[in-house]
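The report below goes through selected features of one structure, beginning with a check on helix geometry and then turning to individual residues.

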Amino acid sequence: MIYSGKVVEAMEVHAVLLLGLSLSMLYIKDDEIQKTYQALLLLPVLRLVNLSMPAFYEITLYSFVFIYGLLTIPVTIALTHQDLPRNNLE
């Protein structure tokens, strides 16, 4: 949808997907499935941040710094909830 020019509709689909996964995590009690959903939640967050980021520079490489800089927050939160050992993160 994004590449066909329907950006607003794509943002709506990603927002619904984000809300659906978030709400379904409330009702699922299995920790492994919740960890999988936490990982799946990162993709709609990435796409929504990417689409909502204004174009500050003509070179799109510079915008990746802002996008992935913002994404360190949800990734850090997901990693703390995953309870992974330190040696698995390296």
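## Helix α2

In this predicted model, helix α2 covers residues 31–52, and because each of its 22 residues should contribute 1.5 Å, the expected span is 32 Å, in agreement with the 32 Å that separates its end C-alpha atoms. The buried residues of α2 are Gln-38, Leu-41, Pro-44, Leu-46, Leu-48 and Val-49.

## His-14 in helix α1

His-14 belongs to helix α1, and its relative accessibility of 17% places it among the buried residues, since the cut-off for that class is under 20%. The His-14 side chain comes to 2.8 Å from the backbone oxygen of Ala-10.

When residues up to four places away in sequence are set aside, His-14 is in contact with Ile-2, Pro-44, Arg-47 and Leu-48. Two of these partners, Pro-44 and Leu-48, also appear in the list of buried residues of α2. A further relation across the sequence is that between His-14 and Leu-43, which stand 29 residues apart along the chain while their C-alpha atoms are separated by 8.8 Å.

## Tyr-27 and the nonpolar patch

Tyr-27 is likewise part of helix α1, which comprises residues 7–27, but with a relative accessible area of 71% it is exposed, because that class requires over 50%. Together with Leu-23 and Leu-26, Tyr-27 makes a nonpolar surface patch of about 400 Å².

Helix α1 therefore holds both a buried residue, His-14 at 17%, and an exposed one, Tyr-27 at 71%.

Definitions and conventions
Residues numbered from 1 in each chain as written. Predicted model: local features only at pLDDT ≥ 70, side-chain atom pairs only at ≥ 80, totals over all residues. Heavy atoms only, no water. Helix = DSSP H or I, 4+ residues; strand = E, 2+ residues; numbered from the N terminus. Expected span 1.5 Å × (residues − 1). Buried < 20%, exposed > 50% of the residue type's maximum accessible area, 1.4 Å probe, protein only. Patch = residues over 30% accessible without salt bridge, like charges linked within 9 Å, V, L, I, M, F, W, Y side chains within 5 Å. Areas by Shrake-Rupley, 256 points an atom, 1.4 Å probe, with all protein chains shown as cover. Salt bridge = Lys/Arg side-chain N within 4 Å of Asp/Glu carboxyl O. Polar contact = N/O pair within 3.5 Å; in protein donor to acceptor, adjacent residues only side chain to side chain. Contact = heavy atoms within 4.5 Å.
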